[in-house]
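Biologist: Could we talk through the charged pairs in this protein together? Please show me the model before we start.

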Amino acid sequence: MREIKKYALDLRLTAVEKVHERYVLLRLTHDEPLPAMLPGQFVEVRVDGSPTTFLRRPISINFVDREKNELWLLVATVGDGTRRLAQLQPGDTLNCVLPLGNGFSLPSAASASLSINDSPLSGRGAGSEAPLLIGGGVGVAPLLYLGATLKAAGVQPTFLLGARTSKDLLMLDAFRRYGRVFVTTEDGSEGEKGFVTQHSLLQKEQFTLIQTCGPTPMMKSVARFAKEAGVACEVSLENLMACGLGACLCCVEKTVDGNLCVCKDGPVFDVRRLLWD
């Protein structure tokens, strides 16, 4: 696997959109073309002006718009640091270290479209791929860029997105541009009532790969379903990550290969490598 070069860049805000009472979408650009980035990778953002935020904040790459030279970050405002990010205005500068970590598996055609010789996990051809992308909460963020990349490579993704209520569903129109979208809500206010692993789609159709990101209990349920169905499964972990480079050891996950740093060896893992059983 080829090492992807990392950069520390001062990116300029082109737009700050409030997509939910707890989420904002930051659109960032740079005077030079943005570097190559893989779906599933993340950035470490420096938070300026916050007296309580000393470490960078890890944020998933939500989307990369090459035509506009924009990077999108979907930010959940859960603490002082992220609330400060939500207060930024167009024209402000945000210092980001990127791209970090390893991404989702991609067909070889998708890797080529990103100008990357090797996908982190595999280099399969598009062929008869039928990936199912399952997300919950802010965990839907990396699946948008993944879905767009797959579609550009001739692979039709299917999205299964879950939330507590219809008001908590994020960016549905954006997802619909790249594939079929199915929804569950816990209160039944949109889509099927229940959790993602209870959706009837899982009984009606077969998929060649499941790729998921969201709350750990949700991902563990998805992993159990995938194991029982005999379907390969990748999960994007959301362990606390401070440095993003594997130095601070605060994001260690137990695996069949020993303790690994999620920020450096992940955040995407083949679920068979994790000791979740």
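Biologist: How many salt bridges are there by the rule?

Modeller: Keep in mind that this is a predicted model. Side chains of opposite charge can pair when their charged atoms come close. A pair counts here when a side-chain nitrogen of Lys or Arg is within 4 Å of a carboxyl oxygen of Asp or Glu. By that rule, the number of salt bridges is 11.

Biologist: Nice! How many residues apart in sequence are the parts that Glu 17 and Arg 27 tie together?

Modeller: These two side chains form a salt bridge, with N to O at 2.9 Å. Glu 17 belongs to strand β1 (residues 7-20) and Arg 27 to strand β2 (residues 23-29), so their pairing ties together parts separated in sequence by 10 residues.

Biologist: Is Arg 27 buried or exposed?

Modeller: Buried means under 20% relative accessible area. Arg 27 has a value of 16%, whereas its partner Glu 17 has 28% and is partly exposed. With 16%, Arg 27 is therefore buried.

Biologist: Which residue is linked with Glu 17 and Arg 27 in a network of salt bridges?

Modeller: We have already met the bridge between Glu 17 and Arg 27. The network that holds these two also takes in Glu 70.

Biologist: And how many residues apart in sequence are the parts that Asp 168 and Arg 22 tie together?

Modeller: Their side chains meet in a salt bridge, 3.5 Å from N to O. Asp 168 sits in the loop between β8 (158-163) and α4 (172-176), while Arg 22 is in the loop between β1 and β2, so the parts they tie together are apart in sequence by 146 residues.

Methods:
Residues are numbered from 1 along each chain as its sequence is written. This is a predicted model: local features need pLDDT of at least 70, side-chain atom pairs count only at pLDDT 80 or more; totals for chains, interfaces and linings use all residues. Side-chain values use heavy atoms; hydrogens and water are left out. Helices (H or I, at least four residues) and strands (E, at least two) are DSSP runs, numbered from the N terminus. Buried means under 20% relative accessible area, exposed over 50%, partly exposed in between (1.4 Å probe, protein chains only).
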